[in-house]
Amino acid sequence: MTTEHAPQASTATLPAHEPATQSPLGEFPVMDAAAVRDAVARARRAQRAWGTTTFAQRRAVMRTLMDLTLERHEAICRAAVRDSGKTMVDAALGEVFPVLEKIRYVLAHGERDLRPERRSSGILAQKGARVEFHPLGVVGVICPWNFPFHNLLCPAVPALFAGNGVVAKVSEHTTWSAEPYLELIRDALRAHGHDPELVQVVSGYGATGSALVTSGADKIFFTGSPHNGRKVMEAASQGPTDVVLELGGKDPMIVCDDADLDHAVEQAMLGVFTACGQMCVGVERIYVMDAVYDEFVRRVTAGAKRLRQGAPLGDSVVDCGAMTMPRQLDIIEELLADAKAKGARVLAGGERRRDLGPQFFPPTVLVDVDHSMRIVHEEQFGPVMSILRVSSEDEAIRLANDTAYGLGSSVFTKDRRRADRIAGQLRSGMTVINDYGIAYMIQSLPFGGVGISGIGRINGREGLRACCNTKAVVTDRLPLGKGVSVYPIQPTTYGLVRAICGVVYGNGVRGRARHVADAARLFAAEVRSRRS
Ligand code: NAD
């Protein structure tokens, strides 16, 4: 462990405030390695009983969790709004909706995804083969700040359904809302007589997250920056502990000359400005073909200028709230300054809204962007629409793939064949045609990235199974019980094994037939020599 991540004293606290109003929200403990290990031990104790529950029992808890989420919908959204600065609509769509859809998915399909699966036993015809999905034990979840409710619940739901305990390290920027969210899950467990200690939340900075990685948790689901993802993987190698890394993106959107422009403009606005762009699958680069470029730019610029910004729980309705993390505004300013110095032009926004408070950045439209600029390569994670002009499909694909990231991507065209052709060439974990980021709402689909966007998948069957020990089980199909033994090795044994390989794997009937005589002769010799 580096000095930077040495465990802090457990008496230390971290302050929380509302990004939109700067009102203080309280102080929270900075938990040290001992406190983290204690949380893992508590979850582990509770998991012993939970790990033996039936799918019907787990479904009952999930159903209650869904009911409580609906009952507490407004309180959940308000807590997310106060803690992260987003609007109530951003909270409803980005926090609660995907969690409800995830619960619906596990209720409908979780058992099917996790029940034992028969596999072919190949040449061992006398054997049966199956895969079983057992709980791992305690799963560690390390969360970023962008969607505090979703970032806690979305990994917790599949982990719990698969029979695990959960210890979540919440972000130092959104710690305040963690308690009501934890209580929501615990209330669902309590309602069915299960131990609420099964789910734990730990608070603190990077050191607390690092302590969770080396705490003995059985797997780590980390969502955050590539920089910290590498550190998590390095620390996890000590175990070794398995990791899933969800590390952000630099998602391209390609707008072809035959796109439905009204729709493309609307989706671009949503993709960039929802939650002020603080989304891993936010649209970070828009490649627009020559023929529609000017009109696209005109419409998104007018659209961006129309958006209202302000404190989300104030008197008037706003489209955009505040940025959650103060440092993110500095990053956006740095990237914009670099782009402008290299020739980019700002058509809307572009400057921090100090009149609203220190953490407001307005919807911004940036044109004349090119690949020499940092904003094309580094995640800006804010409300900046970077638009690049392209003259062909090939150029759009080449530039879209010119990134170290590879999370999501999207293509806008009315031509299905063209859409499939472009989508097939984009290097990313997900591609959406004529929409953005919607792959996340289809919970049957795996979610994750390539390149520095991460390792492993969450969501869908892949995500549920990622919470399991995928165990191979071999049984007797026939009541033989007796296996084949080569001991003691006879002078004929090697030749016999080689001949059998020829019989089984030879090319076609003629290729196999060549070995049959040898196999029969050597088998007879082998039997004779074993008897003597
Ligand atoms: P971050 O990497 O700074 O922090 C994420 C979490 O990791 C925090 O809880 C932090 O305390 C903890 N942490 C920091 N150092 C650690 C270490 N060495 N070991 C263990 N834990 C450590 O990220 P952030 O700024 O909170 O979030 C923004 C990033 O998250 C962006 O890059 C964004 O794209 C990414 N993100 C990705 C997804 C996805 O699903 N792919 C979703 C949301 C956010």
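Mentor: Buried means under 20% relative accessible area, exposed over 50%, and partly exposed in between (1.4 Å probe, protein chains only). The model is predicted, so local features need pLDDT of at least 70 and side-chain atom pairs pLDDT 80 or more, while totals for chains, interfaces and linings use all residues. Residues are numbered from 1 along each chain as its sequence is written, and side-chain values use heavy atoms, without hydrogens and water.

Trainee: Is Glu-101 buried or exposed?

Mentor: Glu-101 shares helix α4 (residues 88-114; a DSSP run of H or I, at least four residues) with Arg-104, three residues further on, about one turn of the helix. Their side chains meet in a salt bridge (a side-chain nitrogen of Lys or Arg within 4 Å of a carboxyl oxygen of Asp or Glu) at 2.8 Å, N to O. Arg-104 is partly exposed at 37%, whereas Glu-101, with a relative accessible area of 18%, is buried.

Trainee: How many residues apart in sequence are the parts that Arg-389 and Asp-290 tie together?

Mentor: The side chains of Arg-389 and Asp-290 meet in a salt bridge of 3.1 Å, N to O. Because Arg-389 lies in strand β14 (residues 384-390; a DSSP run of E, at least two residues) and Asp-290 in helix α10 (residues 290-306), the separation of the parts they tie together is 99 residues.

Trainee: How far from an oxygen atom of the ligand does a polar side-chain atom of Glu-172 lie?

Mentor: Around the ligand stand 29 residues (each with a heavy atom within 4 Å), and Glu-172 is among the closest, as is Cys-143. A backbone N or O atom of Cys-143 lies 2.7 Å from a ligand oxygen atom; for the polar side-chain atom of Glu-172, the distance to a ligand oxygen atom is 2.6 Å.

Notes: A polar contact is a pair of N or O atoms within 3.5 Å; within protein, one must be able to donate a hydrogen and the other to accept it, and residues adjacent in sequence count only if both atoms are side-chain atoms.
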